[in-house]
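Subject: Structure handover

Hello,

Please find the structure below, with the sequence. My notes on what was found in it follow.

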Amino acid sequence: MGMTTPSNADKRDGRGDATEQPEQAKLDQLVTELSTHADLVDGAMAKDFNLMKKAFAVLEELVHKDSSPEPNVPDTTTTTRIFTTNDIPDTPSKQQAACDQIEFWEGIKIGGNRAIVRTEELKNLLFTTTENPKIKFYHVADGPQLDAQQYQKQADQVANLIDGGATACEQLQILMLPDSKFAPARSGGSVEKEPRIFLCQDNPNLRYVFNHEYVHQYLKWKYGDSTVTAIVEGAATRFARLVDPSDQFNNMERYSGYADVDKLKLANRTVGRSNTEMLENAGKPDATEAEKYDTSYRFGYELTGFILGTYGPEEGKAIFLDIYQYTCRQNIIHNKTGETLVKNGQRLGHSRDIMEQAVRTVLENHQAGIKSAQQMFQAQTGQAKEFITDPTHFFAGLDQYMKDRLPIIAAS
Ligand SMILES: [Zn+2]
């Protein structure tokens, strides 16, 4: 885009004659190369059918041009947009690789919604790849350029912030959707320990969406897959913001919806130990899955902020990561009631019970760390402060923290 149309004078200034031949040559070359590839991709003809359709569209366009009575200047905007001869030698394999990524995401559901939709339409687009040893993008050939190095830098920052670790050795596979219509329910996604992410390239907050998804990716890869949504989304939003304070995408304060906390404050009721308990306490026991998922971001963001604020950045992060890891256990039985909360990685019980048990277990294991964090705090500030060491005070503290923050949220 952005190319100017040459005037008729330009067309005649000696380029008119020369252009007819290169166009014919290009057409011939395309035919030759395509027939070569038709042989090469024989075993995967179905997959490459879409690519072929695209190639024929180019051929048609070129043929149409030849029949035009006016001398043509090659329309480079159109021809390079769909196909350039330089792309041809490795394009079928890149297209195939992109289709594999699309097919992977096709079968994934996140938060009850399909991760990506309109996949046939998506596969019809011409894809290419951009990569460095740690990141590989699958993106449309006519989209904006992608800087794998820049994203690698961001990934390193995320890993360093979370636990001072390094990013995974395995190359991260990123499917770039050219339009958010292919993922109407989400702006990005990551799954399990697979080093895969998808992003919507047209999202104005792309770099922040990446940070968010990479927090998920890193935690899943290194610590496991948590069954408590508020822990998962709380980590992604809070850590992404800590990596880049200019990030407003992951700033949960900017979202409305703290009304539940406000309501509970006025009614003098507790917020609870999970977002779903919060909804119930606020008189919404029949909240939809989407509502529950939505509140998990805000509840988790506040929960993570509370932990980091209560125990300090070092001990707070260690405690949070241990709670996260506890909620990744494949099997969890309620210590008091004997109820099965998680079985074979599937959550069967309430997330509030998993949360409480995780907090209780982790605080017990962190008694020494909490004590030294408290001593350090007192030495540094000269203030005496009793650090929370039991779950009852923990959830009472969280309740107070969320209610105390309401005026700040309303003002921002
Ligand atoms: Zn998320």
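Is Glu194 buried, exposed or partly exposed? Glu194 has 15 C-beta neighbours inside 10 Å, and a residue is called buried at 20 or more and exposed at 12 or fewer, so Glu194 counts as partly exposed. Please keep in mind that this is a predicted model. Glu194 sits in the loop that runs between E6 and E7. Its C-alpha atom is separated by 7.4 Å from that of Trp221, although the two residues are 27 residues apart along the chain.

The five-stranded sheet

The two strands on either side of that loop belong to an open sheet of five strands. The order in this sheet is E3-E4-E5-E7-E6, and the pairing is mixed. Strand E3 (127-131) and strand E6 (188-190) are at the edges; each has a single partner strand, so one side of each is left without a neighbour in the sheet. From one strand to the next, the twist averages 15 degrees.

E6 and strand E7 (residues 196-200) run antiparallel and are joined by three bridges. Within this pair, Gly188 has Leu199 of E7 as its bridge partner.

Two helices lie across strands of this sheet.

- Helix H5 (residues 91-106) lies across E3, strand E4 (135-140), strand E5 (172-177) and E7, and it runs at about 90 degrees to E3.
- Helix H8 (residues 206-222) lies across E6 and E7, and it runs at about 15 degrees to E6.

What length should H8 span at 1.5 Å a residue? The expected value for its 17 residues is 24 Å, and the end C-alpha atoms of H8 are 24 Å apart, which agrees. H8 is mostly covered, as 13 of its 17 residues are buried. After H8 comes Gly224, which has a positive phi near 125 degrees.

The three-stranded sheet

There is also an open sheet of three strands, with the order E8-E9-E10 and antiparallel pairing. Strand E8 (332-333) and strand E10 (346-347) are its edge strands, and each pairs on one side only.

E8 and E9 pair in the antiparallel sense over two bridges, with Ile332 opposite Val342 in E9. Strand E9 (residues 340-343) and E10 also pair in the antiparallel sense, again over two bridges. Here the bridge partner of Val342 in E10 is Arg347. Val342 therefore appears in both pairings: Ile332 stands opposite Val342, and Arg347 is the bridge partner of Val342 in E10.

Helix H14 (residues 351-365) packs on this sheet and touches E8, E9 and E10. The direction of H14 makes about 90 degrees with that of E9.

Which residues in the two hairpins take a positive phi? In the hairpin of E8 and E9, with six residues between the strands, it is Gly338, with phi near 80 degrees. In the hairpin of E9 and E10, with two residues between the strands, it is Asn344, with phi near 45 degrees.

Helix pairs

Two packed helices are described by the angle between their axes and the distance between the axes. Two such pairs are noted here.

The axes of helix H7 (residues 148-163) and helix H9 (residues 229-243) come within 9 Å and cross at roughly 110 degrees. Angles of 65 to 115 degrees count as roughly perpendicular, so H7 is roughly perpendicular to H9. On the H7 side the contact is made by Gln157, Val158, Leu161 and Ile162, and on the H9 side by Phe239, Leu242 and Val243. By class, this contact has six nonpolar residues, one polar residue and no charged residues.

For helix H12 (residues 289-311) and helix H16 (residues 391-404), the axes come within 10 Å and cross at roughly 110 degrees. H12 is therefore roughly perpendicular to H16. H12 contributes Glu302, Leu303, Phe306 and Thr310 to the contact, and H16 contributes Gly397, Leu398, Tyr401 and Met402. The contact of H12 with H16 has five nonpolar, two polar and one charged residues.

Regards

Key: Residues numbered from 1 in each chain as written. Predicted model: local features only at pLDDT ≥ 70, side-chain atom pairs only at ≥ 80, totals over all residues. Axes fitted to C-alpha atoms, helices over the stretch in contact; angles between N-to-C directions. Helix = DSSP H or I, 4+ residues; strand = E, 2+ residues; numbered from the N terminus. Parallel < 35°, antiparallel > 145°, perpendicular 65-115°, else oblique. Contact = placed C-beta atoms within 7 Å. Nonpolar A, V, L, I, M, F, W, Y, C, P; charged D, E, K, R; others polar. Pairing = 2+ DSSP bridges. Expected span 1.5 Å × (residues − 1).
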